[in-house]
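Colleague: Before I use this model, I would like to go through the terms attached to it and hear what each one rests on. Could we take them in turn?

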Amino acid sequence: MLELRDVSKSYVSPDGEKLAVLGRLDLRLLEGESLAVVGPSGSGKSTLLNLVGGLDRPDAGSVLLEGQDLWRLSEGQRSRVRNLRIGFIFQLHHLLPSCTVLENVLVPTLAGNQEPPAEQSRRRALALLERVGLQDRLEYRPGQLSGGQRQRVAVVRALINQPALLLADEPTGSLDAAAAAELGQMLIELNAQEHTALLVVTHSLDLAGRMARKLHLRGGRLEDSPA
Ligand SMILES: Nc1ncnc2c1ncn2[C@@H]1O[C@H](COP(=O)(O)OP(=O)(O)O)[C@@H](O)[C@H]1O
Ligand SMILES: [Mg+2]
């Protein structure tokens, strides 16, 4: 469902030097599969996820999602794919502070033309929030939740449009060990139940170990075994 072919990406540093981050990288992810990409800080994990999510353009190579080359689409088509086929989770939750849990989860459903949210979206939101144990927190604001609960809201928001692919960048990075383990377990359960492919980039070996497959990002490429 996802294929990266010969993808390269470099940046220009503030002092004008070219910094090659990813070089001729290949990656394949099957429908519903879970995969962890691990690597130390600065190895290019976020860069990789931004390319897959259509947030940043590769210098060379192609990113194919469900058979479509993301970077051959128009800007409008690409944001449509981003909104409807891809869910994002980041280290920080990025929830809207003045909206309730339920409202936050429904935000991605407003991108279409259904406003107020269709009854169907509401039902799905309630069902997912119940599955992650937040059915008693629907009217809470993010500031009234624990870090782990906020991150669970972010997971539900990412899944609300039934994406084909869920991208997570250090999703447990700001949580304590217990909340991190709980979130990792939840992600892998939802991956199975929702049949959403899951690509997690992390430096947490505990989180990575929960995924079906693990690859190491080193020298700008993905490898099967650690150094
Ligand atoms: N927009 C940017 N401009 C210049 N350099 C960048 C930019 N984004 C990332 N980098 C550099 O690319 C390298 C990889 O960054 P990143 O993908 O964030 O690594 P990771 O997520 O594995 O910690 C780092 O050296 C970083 O400084
Ligand atoms: Mg990063």
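Colleague: In which helix does R80 lie?

Modeller: R80 belongs to helix α2, which covers residues 75-85; please keep in mind throughout that this is a predicted model.

Colleague: What makes R80 count as buried, exposed or partly exposed?

Modeller: The label depends on how many other C-beta atoms lie within 10 Å, with 20 or more required for buried and 12 or fewer for exposed. R80 has 14 such neighbours, so it is called partly exposed. As for its place relative to P14, the two are 66 residues apart in sequence, and their C-alpha atoms are 33 Å apart in space.

Colleague: And why is I89 called buried?

Modeller: I89, which has its place in strand β6, has 24 C-beta neighbours inside 10 Å and therefore counts as buried, given that the cut-off is 20 or more. Leaving aside neighbours within four places in sequence, I89 is in contact with A154, V155, A158, A168 and P171. The C-alpha atoms of I89 and R157 are separated by 8.9 Å, although these residues are 68 apart along the chain.

Colleague: How do you know that the radius of gyration agrees with that of a compact globule?

Modeller: For 227 residues a compact globule would have a radius of gyration near 17 Å, and the chain has 18 Å, which is why the two are said to agree. Along its principal axes the C-alpha trace spans about 50 × 40 × 35 Å, and 38% of the residues count as buried. Among contacts between residues at least 6 apart in sequence, 70% join residues at least 24 apart.

Colleague: The chain has seven helices and ten strands; what makes β6 and β10 edge strands?

Modeller: They belong to an open sheet of six strands in the order β6-β7-β8-β3-β9-β10, with mixed pairing. β6 (86-89) and β10 (221-223) each have a single partner strand, so one side of each is left without a neighbour in the sheet. On average, neighbouring strands of this sheet are turned by 25 degrees against each other, direction ignored.

Colleague: How do you know that β3 and β8 are paired, and in which sense?

Modeller: Pairing requires at least two bridges between the strands, and β3 (residues 34-38) and β8 (residues 197-202) share five, in the parallel sense. As one instance, S34 has L198 in β8 as its bridge partner.

Colleague: What makes β2 and β5 the edges of the other open sheet?

Modeller: That sheet has four strands in the order β2-β1-β4-β5, with antiparallel pairing. β2 and β5 (68-69) each have a single partner strand, which means that one side of each has no neighbour in the sheet. Against the same cut-off of at least two bridges, β1 (residues 2-12) and β2 are joined by eight, running antiparallel, with L25 in β2 as the bridge partner of V7. β1 is also joined to β4 (residues 60-65) by five bridges, again antiparallel, and here S8 has A60 as its bridge partner. β1 and β2 form a hairpin with five residues between them, and G16 in the turn has a positive phi of about 85 degrees.

Colleague: What makes α1 mostly covered?

Modeller: Six of its eight residues are buried, namely K45, T47, L48, L49, L51 and V52. α1 packs on the four-stranded sheet, touching β1, β2 and β4, with its direction at about 125 degrees to that of β1. α1 also lies across β3, β7 (165-169), β8 and β9 (213-218), running at about 155 degrees to β8. Just after α1, G54 takes a positive phi of about 70 degrees.

Colleague: Which residues are around ligand 1, and which element gives the most to that shell?

Modeller: The shell consists of Y11, S13, L19, V21, G39, S41, G42, S43, G44, K45, S46 and T47. β2 (18-29) and α1 (45-52) are the elements that give two or more residues, and α1 gives the most, with three.

Colleague: How many residues of each class does the shell have?

Modeller: There are three nonpolar, eight polar and one charged residues around ligand 1, where Gly is counted among the polar ones.

How values were computed
Residues are numbered from 1 along each chain as its sequence is written. Chains are lettered from A and ligands numbered from 1 in the order in which they are written. This is a predicted model: local features need pLDDT of at least 70, side-chain atom pairs count only at pLDDT 80 or more; totals for chains, interfaces and linings use all residues. The radius of gyration is taken over C-alpha atoms; the globule rule is 2.2 Å times the number of residues to the power 0.38. Two residues are in contact if their C-beta atoms, placed from the backbone, lie within 7 Å. A residue is near a molecule or strand if its C-beta atom, placed from the backbone, lies within 6 Å of it. Axes are lines fitted to C-alpha atoms, for helices over the stretch in contact, and angles run from 0 to 180 degrees between N-to-C directions.
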